[in-house]
Amino acid sequence: DAVCDIRDSLAFNSSYMRTVHHTNPKAVFETDADGHVTYVNRAFMRLTEFSQHEVMHMGWVNLIAPHSRDKVVSMWMKAVEAQRDFDEVVPYVKPDGAEYPVHAIAHTIRVAGEMVGHLGEIIPLETA
């Protein structure tokens, strides 16, 4: 039926886009409608030095510098609840504790007008 055809098409498109994103030189991530990370590409893992497993769901919170964690999570959850884009400079930390700034941008993904998640990118910024 038509619903199954649409689901099959969406599943194919999602699989295709993940393949494209996986080889993208930009650090890309996807979330579900609740703001939980469902995918990061290789460039994301290289930049952050965290594995895909470590940042899944809400594990991404550990990428944020401890002094900014609560503020950034609050801003992110407000964007998710309002179903809007996110565009902020965020202090990240490497696993060894070294801090570095990134520009985090996430655009809403909508299917038939319904927000189903975000597609985002983190861009490392030069430090002074």
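**Exercise 1. Work out whether His36 is buried or exposed, and describe its surroundings.**

Step 1: Take the relative accessibility. His36 comes out at 18%, so it counts as buried; buried means under 20% relative accessible area, exposed over 50%, and partly exposed in between, with a 1.4 Å probe and protein chains only.

A word on the model before going on: it is predicted, so local features need pLDDT of at least 70 and side-chain atom pairs count only at pLDDT 80 or more, while totals for chains, interfaces and linings use all residues. Residues are numbered from 1 along each chain as its sequence is written, and side-chain values use heavy atoms, with hydrogens and water left out.

Step 2: Place the residue. His36 sits in the loop between strand E1 (27-31) and strand E2 (37-40). Helices (H or I, at least four residues) and strands (E, at least two) are DSSP runs, numbered from the N terminus.

Step 3: List the neighbours. Leaving aside residues up to four places away in sequence, His36 touches Glu30, Thr31, His57 and Met58, where contact means heavy atoms within 4.5 Å.

Step 4: Look for polar partners. The side chains of His36 and His57 make a polar contact at 3.4 Å. Such a contact is a pair of N or O atoms within 3.5 Å; within protein, one must be able to donate a hydrogen and the other to accept it, and residues adjacent in sequence count only if both atoms are side-chain atoms.

**Exercise 2. Trace how E4 pairs with E3 and with E5.**

Step 1: Start with E3. Strand E3 (residues 86-93) and strand E4 (residues 99-111) are antiparallel, with 8 bridges; strands pair if DSSP finds at least two bridges between them. Phe86 stands opposite Ala106 in E4.

Step 2: Inspect the turn. This hairpin has 5 residues between the strands, and Gly97 takes a positive phi near 95 degrees.

Step 3: Move on to E5. E4 also pairs with strand E5 (residues 114-124) in the antiparallel sense, over 10 bridges. Here Ala104 has Ile122 as its bridge partner.

Step 4: Check the second turn. With 2 residues between E4 and E5, the hairpin has Ala112 at a positive phi near 50 degrees.

**Exercise 3. Find which residues Val73 touches.**

Step 1: Locate Val73, which belongs to helix H4 (residues 69-81).

Step 2: Skip residues up to four places away in sequence; Val73 then touches Trp60, Val61 and Ile64.

Step 3: Pick one pair. Val73 and Val61 are 12 residues apart along the chain, and their C-alpha atoms are separated by 7.2 Å.
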